[in-house]
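User: I am new to this structure and would like to know what stands behind the terms people use for it. Could you walk me through them?

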Amino acid sequence: MTTASEPYVLNIGPQHPSTHGVFRIRVVMDGEQIQDLDMIVGYLHRSMEKLAEERTYTQNIPFTDRADYLAAMSGNLGLCLAVERLADVEVPERASYLRVIFAELQRIASHAMANGTLVSDAGAWQTPLLYMFREREKILDLFEMTCGARLTTNYMRIGGVAFEPPPEFWPALRELVDELPQRIDEYAQMVQGNEIFIARTRNVGIISPEDAINGSLVGPALRGSGVPWDLRKAEPYCVYDRMDFEVPVGTIGDVYDRYMVRLEETRQSTRIIRQAMEAIPEGPHKTDIPLALRPEPGEIYGRVEGPRGETGFYLVSDGSPAPYRFHIRAPSLINLSLLREMARGAALSDAVVTLGSLDIVVGEIDR
Amino acid sequence: MSEQPAIVKRQLPATPMARQIIERGTLREQAARMPFAAKVIGAIFGIGFLIANAGIAYIVVDGRLDGMWYDFRDLGYAIERLRVELRTVDGTIGGQELGAILAYWVPALIGGIGILSFLGGFLLIGSWIERRLLARFQIRTGPNRVGPYGLLQPLADALKLMQKEVLIPAGADRMLFYLPPVLIFIPAMLAWGPIPWAENMAYLDLNVGLLYVVSITSLSVLAVWLAGWSSNNHYALLGSMRTVAMMVSYEIPISLALLSVVLVTGSLRLSAIVAWQADHYLWLALLLPFALFTFFFSSTAEINRTPNDIAEAESEIVAGFHTEYSGMKAGLFLAVELGNALLTGALVATFFLGGYTLFGLEEWIPGYLILGAKATFGYFIFIWLRATLPRFRIDQLMNFAWKYLIPLSIANVLLVAIEASIAARWDAPAIIVYGLFVIVNIALTAYAVRAWARAIGYAMDVEQPAQPIFAKTIGGLKAARSLRGEA
């Protein structure tokens with residue numbers, strides 16, 4: 001008697017605990033092994049890029065909050081930098097420092113979420129996630145203190161930032177920065193000495209540096225594969241060229257490396273915030289610009305290193321107050337495109353962990 | 001940040017636990033705030049409690065309770081007395097003596113209702129304990145809204161589940177879909193039968209009790225398989241396939257672990273196993289550490305608890321075999337899972353931790369309380385593991401069973417068999433014989449657990465987890481290659 005197995009189709013999502021949003025993977029499986037997979041996106045499409053063509057540049061900033069809703073500050077920063085370069089707006093130095101502080105705080109918050117959900121995907125019953133949420137909460141409190149919102153901050157403006165942080169912001173920030181390193185060590189201890197976690201993540205979802213570059217991976221996914229590429233070093237914006245920090249790089253390119261790179265990046269972000277806090281000058285926090293800013297006709301591509309990698313904004317101006325074309329280069333979408341290569345031939349459990357390590361945000365993928 | 005105006009520093013919202021301490025003060029501060037009258041009343045109650053205890057102690061030492069029906073340390077005596085009384089009832093029914101029938105059925109009903117109501121009560125309080133403890137592990141508060149300290153939350157949950165509609169997926173086999181939530185309850189209840197709660201307090205003191213427990217607990221796989229198959233859902237099918245594979249693999253280490261218990265104690269009767277441990281003043285956990293580990297770990301696989309909860313791995317296959325169940329049918333699956341955790345705790349206590357005995361203390365404290373405490377301790381370990389560990393992958397779990405646990409278990413059985421025959425022939429005091437065996441077994445286990453892992457090629461860099469390296473230059477592929485050359 002011979003037994004033959006027959007491939008079958010499993011729909012993961014749109015409602016599934018580990019798709020990190022409304023997003024669907026159609027997996028062709030043979031037993032527990034994945035033969036092929038298709039990613040189907042678009043459930044969260046809100047037509048942001050088209051809507052943006054009807055609004056002024058400043059009115060478009062809230063869209064960037066809602067594209068990558070876990071890294072609103074970085075999105076704000078990316079759009080503002082692009083518009084400032086398009087319209088030749090000067091940014092006061094104090095505003096640049098404030099932008100760096102908030103972007104790095106956002107990076108820590110976002111990485112806490114990414115690593116926490118990754119460990120949850122590996123099966124730890126949300127304990128690391130909730131520990132990492134503790135510091136994320138404090139960071140969101142700082143955001144709330146400054147701009148009134150926790151998630152969709154809408155804080156950056158063209159030519160600076162919207163508000164000066166209140167006086168109680170600075171002691172709270174110092175307290176947070178002082179306790180962050182030991183908190184991060186705590187998370188590291190909680191997870192990285194765990195044999196089960198290592199067995200689940202080591203040599204899983206490997207992507208070589210060559211494939212990573214060919215697939216134009218960005219952010220921790222790219223650095224996890226061992227490519228030392230970080231826009232904050234390669235093409236410094238704001239005041240990153242004055243900051244002293246390291247770029248952590250993985251060795252194999254597996255899930256574990258991506259996890260460790262994120263963890264180390266939060267340590268480096270703490271360093272950057274501390275330096276920016278010390279060096280921040282007095283002065284105005286924004287330049288006044290006309291309400292309906294009319295840049296000269298032309299096009300621009302501005303990019304920043306967001307928590308998920310290069311967040312780019314391609315803008316075309318026709319001289320009117322609204323952009324003629326508004327395009328977001330979403331790191332999540334491009335990182336996600338390599339999931340097929342990483343997960344083919346692996347077990348279902350590995351695919352879930354690999355997806356978790358890519359740290360996608362569906363709001364940004366579908367826009 | 002020059003001079004700062006004098007403002008009230010905004011209190012950053014702390015964790016729920018910290019917030020509680022801020023609002024109510026620490027326990028010591030709460031005690032200091034207590035009014036004087038309350039302290040006096042508390043002191044009177046405390047002293048009265050001590051006096052009452054001294055009175056009980058006097059009666060117990062006096063031996064006046066021993067074997068009497070009102071000896072509440074062992075409810076078996078009361079049942080025995082009831083049976084004697086019932087046997088004297090006159091009359092016949094259908095050619096049989098009424099007294100004999102009553103003497104059989106009434107104690108059976110009382111015992112059955114006793115065990116079922118204990119379990120029902122535990123299912124309610126257990127889910128509250130689990131959620132509160134998990135919350136403490138995760139710096140949350142847990143359920144605290146319904147009733148005092150959220151104690152009525154399980155009742156509210158049960159009510160909610162009963163009100164919900166039970167959906168049947170299109171294409172499901174209706175009959176088979178209805179059966180499993182009921183079927184899975186049967187082995188979970190039956191397995192409690194032979195467990196001794198006190199010296200004369202076993203519901204079903206079978207002479208093959210251990211065999212009965214092993215066979216009954218393995219029955220639940222049928223219900224799980226039915227549930228997965230009849231749901232007409234790939235997630236459910238995957239979950240039940242995983243369960244079946246896991247159960248088949250882990251039955252063997254469980255049986256081998258219990259075999260070594262039988263070899264030492266020389267009996268399959270659970271009360272005899274407990275009595276052996278009480279007689280020798282030795283818990284089998286010390287004598288058979290590897291069997292304890294095997295039994296406990298394999299049980300987590302049998303009852304779907306972390307780190308082996310792959311059958312209902314939430315992040316992968318949603319809820320596994322009961323994905324399609326809703327309402328109280330899903331609630332039954334969850335309840336059985338909880339009850340099985342306590343059952344495993346009770347079995348571990350009986351086989352390895354001295355059951356209802358506690359080095360002579362069972363003379364004073366009712367044995368069923370001791371067993372309950374030990375079982376709850378086992379349950380606490382399960383909750384602890386659930387809050388701490390990630391989940392294995394199915395192939396890792398299978399490898400662990402077949403390559404690691406089973407060979408080591410066989411070696412363990414061999415070792416225990418040799419020791420048992422030595423103990424039978426060696427005419428030395430038991431303390432020397434078993435003291436030697438304890439030392440030998442613990443040392444061998446500590447050595448073998450590590451050495452066998454290395455022998456089958458398992459080398460994990462846990463001591464020194466790989467750390468990311470820091471790039472000195474920024475660049476693309478060329479920089480990556482040079483980095484790789486350096487590393």
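Analyst: Happy to help; the questions below go through the terms one by one. This is a predicted model, in which local features need pLDDT of at least 70 and side-chain atom pairs count only at pLDDT 80 or more, while totals for chains, interfaces and linings use all residues. Residues are numbered from 1 along each chain as its sequence is written, and chains are lettered from A and ligands numbered from 1 in the order in which they are written.

User: What makes strand S1 (residues 8–12) of chain A and S2(A) a pair?

Analyst: Strands (E, at least two residues) and helices (H or I, at least four) are DSSP runs, numbered from the N terminus. Two strands pair if DSSP finds at least two bridges between them. S1(A) and S2(A) have five bridges, in the antiparallel sense, so they pair. One of the partnerships sets A:Val9 against A:Val28 in S2(A).

User: Which strand pairs with S2(A) over seven bridges?

Analyst: That is strand S3 (residues 33–40) of chain A, again antiparallel. There, A:Leu37 stands opposite A:Val27. S2(A) and S3(A) form a hairpin with two residues between them, and A:Gly31 in the turn has a positive phi of about 70°.

User: Which residues of strand S2 (residues 24–30) of chain A are called buried?

Analyst: A residue is buried if 20 or more other C-beta atoms, placed from the backbone, lie within 10 Å of its own; exposed means 12 or fewer, and partly exposed lies in between. A:Ile25, A:Val27 and A:Met29 point to one face and are buried. A:Arg24, A:Arg26, A:Val28 and A:Asp30 point to the other face and are not buried.

User: How do you know that the span of helix H17 (residues 327–352) of chain B agrees with what is expected?

Analyst: The expected span is 1.5 Å times one less than the number of residues. For the 26 residues of H17(B) this gives 38 Å, and the end C-alpha atoms are 38 Å apart, so the two agree.

User: Why is H17(B) called mostly covered?

Analyst: Of its 26 residues, 20 are buried. In chain B as a whole, buried residues make up 36% of the 487 residues.

User: How many residues does each chain bring to the contact?

Analyst: Two residues are in contact if their C-beta atoms, placed from the backbone, lie within 7 Å. Chain A gives 61 residues and chain B gives 52. Helix H5 (residues 127–147) of chain A supplies the largest share of the chain A side, seven residues.
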